[in-house]
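Reader: I'm new to reading protein structures. Could you walk me through this one, step by step?

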Amino acid sequence: MHASTQSQEARPRKSGLPETLYRRSIERCRLPENAYTFDYMSDYLTMMDMLAKSITHELHDACGLTPLQYRILLRLLSPTPTLAKQLSDDLSVCMSTISVAVSKLAKKRLISRRDSATDMRAVELTLTKAGRELVQRADQTMYDTMSEYWSSLTQEQLEAAITSSLSAVNRHSYPRLENGEPRLDTALVDTVMISKALTSQALQETGLTTNDYRILLALKLMGSQCVTADIAKFLFLNSSDITGCLKNLEARGLITRFRQDDNRRKRMVCMTSDGEEMVCDLLPVVFDALHETCHSSDDLIRIHISAARDLVARKRHRPAFD
């Protein structure tokens, strides 16, 4: 079915997700009164990207770990050995990716590996003393990072973040308990990574990356014809970060690129009619991926969006939104 015809029908939401009024607005994003949904979704994706980058940067600088490696070490805090297959299932990451991460951790002597006594095809993983010590250092780094984010939230936004994070880890992972209580900074780290993965997986089915779609959203909001550097700035990315995305979008016929007649150094990007249709068609898909993370209610969605808008406004040195 052609996109223009499909736009007249509501895209069915993902099975198991609760219906929300916000989802209905997303389905009808082409209506003028629902144009705000593009802005809101763009800010929410930007917030999640900022948090993921902050987590990645701080873990690397303080501990030499990737977020996946940190999350693997956390799962190995269990007093009993863990199998790689368990990690793959728990983290929703393919076995090949887990194997690479585990090999690097073993090379650093942060974990030990031994053949399972009950299944010779399986390898049991345990934390070493060095691994446990590094987890403590990484925990402090993540606590400081998440505390900085939490301090920027209103009380309402903080309570919503906690509620949704605990829901997310219960649905997609497991809550890390400390003195019988879930550890909130770990839950938020997991939630950011879960949301990022679900969004990426949903868009992969269309041949787009999350940043590909964010560029289409940026063009929708900024105007269909923009300077490449302005798009990157709008998304808090470097121009080099979006080069591959622009090539993919151009190959798909979703954008065209050209140089300005009066300034050949400036590269312009123009969204095509197919790009316009794609950005609208995929808005429910992206929303459902984000919604799948924690199954938030309308009220929680409203609060999450307010937090995203406030964060992005501060980054752009503008007043926070009401």
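Author: Happily! Keep in mind that this is a predicted model. A good place to begin is the largest cavity, which holds about 350 Å³ of space.

Reader: Which residues are the closest to the centre of the largest cavity?

Author: The lining of the largest cavity is made up of 28 residues. Among the elements that give two or more residues to this lining are α3 and α15. The closest residues to the centre are Tyr44, Met47, Met48, Cys294 and His304.

Reader: Which element gives the largest share of that cavity's lining?

Author: Five helices give two or more residues to the lining of the largest cavity: α3 (36-63), α8, α9, α14 and α15. Six residues make up the largest share, and they come from α3.

Reader: How many charged residues are in the lining of the largest cavity?

Author: Sort the lining by type and you get 19 nonpolar residues and nine polar ones. For the charged group, the count is no residues.

Reader: Helix α8 is in that list. What span does α8 reach from its first C-alpha to its last?

Author: α8 runs over residues 155-172, which gives it 18 residues. At 1.5 Å a residue, the expected value is 26 Å. The model comes close to that, with a reach of 26 Å.

Reader: Are the buried residues of α8 on the same side or on opposite sides?

Author: The buried residues of α8 are Gln157, Ala160, Ala161, Ser164, Ser165, Ala168 and Val169. Because they cover an arc of only 155° around the axis, they share a side. On the other side, Gln155 and Asn170 are exposed. The buried set of α8 is therefore on the same side.

Reader: What do the buried residues of α8 pack against?

Author: Three helices take part in this packing. They are α9 (184-204), α14 (283-294) and α15 (298-315).

Reader: Is α14 largely enclosed or open?

Author: The buried residues of α14 include Leu283, Phe287, Asp288 and Cys294. In total, 12 of the 12 residues of α14 are buried, so this helix is largely enclosed by the rest of the structure.

Reader: Which residue follows α14, and what is its phi?

Author: Just after α14 comes histidine 295. Its phi is positive, near 55°.

Reader: Is aspartate 185 buried or exposed?

Author: Aspartate 185 is found in helix α9. Leaving aside neighbours within four places in sequence, its contacts are Asp139, Met142, Tyr143, Met146 and Trp150. Its relative accessible area is 3%, and buried means under 20%. So aspartate 185 is buried.

Reader: And arginine 302, how does it count?

Author: Arginine 302 is found in helix α15. Its relative accessibility is 42%, so arginine 302 counts as partly exposed.

Reader: Let's turn to the pockets. Which element gives the most to the lining of the largest pocket?

Author: The largest pocket has a volume of about 680 Å³. Of its 30 lining residues, the closest to the centre are Val192, Met193, Lys196, Ala197 and Ser200. With 10 residues, the element that gives the most is α9.

Reader: How many charged residues are in the lining of the second largest pocket?

Author: About 370 Å³ of space lies in the second largest pocket. Among its 14 lining residues, Met50, Leu51, Ser54, Glu148 and Leu311 are the closest to the centre. The lining divides into six nonpolar and three polar residues, and the charged ones number five.

Terms used
Residues numbered from 1 in each chain as written. Predicted model: local features only at pLDDT ≥ 70, side-chain atom pairs only at ≥ 80, totals over all residues. Heavy atoms only, no water. Helix = DSSP H or I, 4+ residues; strand = E, 2+ residues; numbered from the N terminus. Expected span 1.5 Å × (residues − 1). Buried < 20%, exposed > 50% of the residue type's maximum accessible area, 1.4 Å probe, protein only. Arc of directions from axis to C-beta. Contact = heavy atoms within 4.5 Å. 1 Å grid on protein atoms, 1.4 Å probe; cavity = no way out; pocket = protein on both sides within 12 Å on 5 of 7 lines; lining within 4 Å. Points joined across faces, edges and corners; volume = space filled by probe spheres on them. Nonpolar A, V, L, I, M, F, W, Y, C, P; charged D, E, K, R; others polar.
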